[in-house]
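Trainee: Could you walk me through this model before I set anything up with it? I'd like to go region by region.

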Amino acid sequence: MTKPRIFIAMHYMEIGGAETALVGLLGALDPKRVDVDLFLYDHRGEMMQFIPKWVNLLPPIPKYTMLERPIKELVKRGYWSIAIARLWAKIQSKKTYGKSGSTLANNSIFDKVAKYTTPLLTKINPSVTYDLAISFLAPHRIALEKVNAKRKVAWIHTDYTKVWVDTHDEIKVWEKFDHIASISGDVTSTFLKTFPSLAPKIVLIENIISPSYVRGRATQQNTANEITVKNTVTLLSVGRFSEAKNYDNVPDICRMIIEKTRLSIKWYIIGYGGDEPLIRQKIKEACMENHVILLGKRSNPYPYIKACDMYVQPSRYEGKSVTVREAQMLCKPVVVTNYPTAKSQVKDGIDGVIVPMDNEGCAKGITDFIHNKPLQERIISYLKTHDYGNEPEANKVYNLLNHESHELNE
């Protein structure tokens, strides 16, 4: 009997939550049950090495590799049509959202780029009709229009109350998918506030994370000396340097924690991204150069999580943070800010703590938690006795091959 064949589309495999979630999904799928073709727009990123060997990585298509490259590079290499389409997308996005430089407004540009560049792209593996096509990360037009498949599903990873979208344009894309996979109940709720008519298409499929994978990689290298300082409380955050992660406020928060605790505090941040100059500026303004340390990219953040005293997710918004779950798997006291989806991931006072979003409230919450050793010990004990693995979520992907979304949610 021929195995079902699944197509999965993803931008690239840089370090990030969605990329980690994709590795988790691929690791949980059974090669005896399905064949998987993975198409990356660009074959780059530290996470490439973790794609399972049995997954068929489709060859790159030159035009697709140009979708997120600098426009100057496109012109230099002769991809004039893609360059013009991207410039037009930027103009149209500004018309829709004004001149705001906000990351939230800039998120809309990706969808506009897809709208104008997708017609210029060739079909992907046109000789094959897949049983299921998965668009794992927005924008979703490429999987919708450039892949032949009997059924198609698009993933949502973010809090849609915090993202500005052109609902008129986007609804036309979403409604053509057979299913829409949401990573949490709160993500579903925020998405449906923007697109209420799409409720029948939603199916819950949580990010798949393997405890054995996380714990195994946490022991692969010794980084304790890099972030462990005698008589110092070490905080750690992991994520892209973007508005969503709120790292620009970390220096001010850290300064207030030091003032409140009179302790030696070092707050390490692993990541990369466009907000790095802003974060460094804020570090300098707060005189926190010796306390807030940007470690940059790390292909394996798990030894750092294992070595820290406390994991902190200071985000403005999240879908469902992969790194928070990974820190819990490594039995670390976790602190998250009270972003709209926080309660879907952390049970306050049981497997982590939720602190206020504002800088002063956040600093006070972290300070109180640092001083409350009995609460930290109770949380660590709880984490040690609970399994945060969810590999069986892969069964829902198998079900997508045959069933309607309402059956999947029963």
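Mentor: Let us settle one term before we begin: helices, of at least four residues, and strands, of at least two, are DSSP runs numbered from the N terminus. With that in hand, Lys230 can be placed in the loop between helix 10 (224-227) and strand 8 (233-238). Please keep in mind throughout that this is a predicted model.

Trainee: Okay, is Lys230 buried or exposed?

Mentor: Lys230 counts as exposed, because its relative accessibility is 74%, and the cut-off for that class is over 50%. As for its surroundings, the C-alpha atoms of Lys230 and Ser264 are 9.3 Å apart, although 34 residues separate the two in sequence.

Trainee: Switching to the inside, what can you say about the largest nonpolar core?

Mentor: The largest nonpolar core has 112 residues, and those with the most contacts inside it are Ile8, Trp267 and Ile366. Apart from that one lies another core, of 20 residues, which includes Phe7, Met66, Leu121 and Val147.

Trainee: And Ile124, which residues does it touch?

Mentor: Leaving aside residues up to four places away in sequence, Ile124 touches Phe7, Phe39, Leu58, Ile61, Tyr64, Ile142, Lys146 and Val147. Ile124 sits in the loop between helix 5 (103-117) and strand 4 (132-135), and with a relative accessible area of 2% it is buried. For one of those partners, Ile142, the C-alpha separation from Ile124 is 9.1 Å, at a distance of 18 residues along the chain.

Trainee: Anything odd in the backbone around there?

Mentor: There are two items to look at. Asn125, in the loop between helix 5 and strand 4, has a positive phi of about 45 degrees although it is not a glycine, and it is partly exposed at a relative accessible area of 23%. Further along, a cis peptide bond with omega of about 5 degrees joins Ala138 and Pro139, and Pro139 belongs to the loop between strand 4 and helix 6 (141-145).

Trainee: What about phi of Asn246?

Mentor: Phi of Asn246 is near 70 degrees, again a positive value in a residue other than glycine. Asn246 lies in the loop between strand 8 and helix 11 (250-261), and it counts as buried because its relative accessibility is 2%.

Trainee: Moving on to charges, how many salt bridges does a search of the whole structure find?

Mentor: The search finds 19 salt bridges. One of them is between the side chains of Arg5 and Asp37, at 2.9 Å from N to O. That pair links distant parts of the chain, since Arg5 is in strand 1 (residues 5-10) and Asp37 in strand 2 (residues 35-40), 32 residues apart. Arg5 is partly exposed at 30% relative accessibility, whereas Asp37 is buried at 2%.

Trainee: Are there pairs nearer in sequence, or further networks?

Mentor: Let me take those in turn. Asp368 and Lys364 form a salt bridge at 2.9 Å from N to O, and both lie in helix 15 (residues 359-371), 4 residues apart, about one turn of the helix. Asp368 is partly exposed with a relative accessible area of 40%, and Lys364 is partly exposed with 46%. As for networks, salt bridges link Glu14, Asp42, Arg44, Glu46, Arg69 and Lys297.

Trainee: Within that network, how do Arg69 and Asp42 meet?

Mentor: They form a salt bridge in which the closest N and O atoms of Arg69 and Asp42 are 2.6 Å apart. Arg69 lies in the loop between helix 2 (62-65) and helix 3, and Asp42 in the loop between strand 2 and strand 3 (56-57), so the pair ties together parts that are 27 residues apart in sequence. Arg69 is partly exposed at 25% relative accessibility, while Asp42 is buried with a relative accessible area of 8%.

Trainee: Last topic, helix packing. Which residues of helix 9 are buried?

Mentor: In helix 9 (residues 211-218), the buried residues are Pro211, Val214, Arg217 and Ala218. They cover an arc of only 145 degrees around the axis, which puts them on the same side of helix 9. These buried residues pack against helix 13 (302-307) and helix 14 (322-329).

Trainee: And what covers the buried residues of helix 8?

Mentor: The cover includes strand 5 (152-156), helix 7 (167-174), strand 6 (179-182) and strand 7 (202-204). The buried residues of helix 8 (residues 185-194) are Val187, Thr188, Thr190 and Phe191.

Methods
Residues are numbered from 1 along each chain as its sequence is written. This is a predicted model: local features need pLDDT of at least 70, side-chain atom pairs count only at pLDDT 80 or more; totals for chains, interfaces and linings use all residues. Side-chain values use heavy atoms; hydrogens and water are left out. Buried means under 20% relative accessible area, exposed over 50%, partly exposed in between (1.4 Å probe, protein chains only). Contact means heavy atoms within 4.5 Å. The arc is that of the directions from the helix axis to the C-beta atoms. A nonpolar core is a set of buried Ala, Val, Leu, Ile, Met, Phe, Trp, Tyr and Cys residues joined through side-chain atoms within 4.5 Å. A salt bridge is a side-chain nitrogen of Lys or Arg within 4 Å of a carboxyl oxygen of Asp or Glu.
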